[in-house]
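Me: I'd like a close look at a single part of this model, please. Could you walk me through it in one connected answer?

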Amino acid sequence: MENAPATALARTRAERVSAYAAMGEPLRALLTDERDIIAAMANFSALLKEAFGWHWVGFYRVVGAELVLGPFQGPVACVRIGFGKGVCGTAWQEERTLVVPDVERFPGHIACSALTRSEIVVPIRDRDGRVAAVLDIDSILPDDFDAIDAHALEVLCEQLQPLFE
Ligand code: SME
């Protein structure tokens with residue numbers, strides 16, 4: 001399976017909706033073939049990065065009282081994020097998807113890359129309903145995420161739920 005090259009970015013809202021829809025089946029196939037959560041997160045982040053060309057796409061896992069960097073695509077990132085800290089720790093604390101149109105206006109935003117302008121973080125629950133990880137996506141474009149992205153990414157992330165112990 002070969003994804004679209006990074007030059008074929010889904011730019012318009014309509015293209016983006018199609019790209020999300022086209023991703024459901026390959027993701028299902030990946031998760032059927034492989035039940036290891038780390039492997040699944042690695043390929044999931046690759047699928048998203050290849051399809052949309054975002055600056056950074058990756059996961060932080062809940063490990064004890066903090067988030068710890070998991071599989072990702074993009075530049076080197078900070079490794080540990082506390083509960084309630086930054087966008088990721090706040091999404092974990094509030095157990096809801098956060099769309100941040102301008103990271104400079106988010107109090108406590110953790111700037112892993114100076115290029116990031118907007119961000120979305122989606123909490124992922126385990127089989128008991130507890131937040132087990134978050135998906136974090138950073139864009140170099142301001143205001144790059146909206147409710148369409150939030151809903152589509154939440155639906156895709158639900159596929160990871162059965163893989164958590
Ligand atoms: N900006 C995030 C930190 C993680 S990096 O963006 C990869 C935050 O504020 O939680």
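Is E95 buried, partly exposed or exposed, and what is its relative accessibility?

Reply: Happy to take that on. A word on the source: this is a predicted model, in which local features need pLDDT of at least 70 and side-chain atom pairs count only at pLDDT 80 or more, while totals for chains, interfaces and linings use all residues. Residues are numbered from 1 along each chain as its sequence is written, and side-chain values use heavy atoms, with hydrogens and water left out.

E95 counts as partly exposed because its relative accessibility is 41%; buried means under 20% relative accessible area, exposed over 50%, and partly exposed in between, with a 1.4 Å probe and protein chains only. E95 forms a salt bridge with R125, and the closest N and O atoms are 3.1 Å apart. (A salt bridge here is a side-chain nitrogen of Lys or Arg within 4 Å of a carboxyl oxygen of Asp or Glu.) E95 sits in the loop between helix 3 (86–94) and strand 4, whereas R125 belongs to strand 5, so the pair ties together parts that are 30 residues apart in sequence. Helices (H or I, at least four residues) and strands (E, at least two) are DSSP runs, numbered from the N terminus. The partner, R125, is partly exposed as well, with a relative accessible area of 32%.

This pair belongs to a wider set, since a search of the whole structure finds ten salt bridges. One of the others joins R105 to D102, with the closest N and O atoms 3.5 Å apart. There, R105 is exposed, at a relative accessible area of 70%, and D102 is partly exposed, at 26%. D128 and R130 also meet through their side chains, at 3.4 Å from N to O, and both of these residues are exposed. Elsewhere, R13, R16, D144, D146 and D149 are linked in a network of salt bridges.

Strand 5 (118–125), home of R125, also follows a loop worth a glance: L115 lies in the loop between strand 4 (98–100) and strand 5. L115 counts as exposed, at 53% relative accessibility.

Turning inward, the largest nonpolar core has 32 residues, and those with the most contacts inside it are L48, L135, I137 and L160. Such a core is a set of buried Ala, Val, Leu, Ile, Met, Phe, Trp, Tyr and Cys residues joined through side-chain atoms within 4.5 Å. Strand 5 is among the elements that give two or more residues to this core, and helix 2 supplies its largest share, eight residues.
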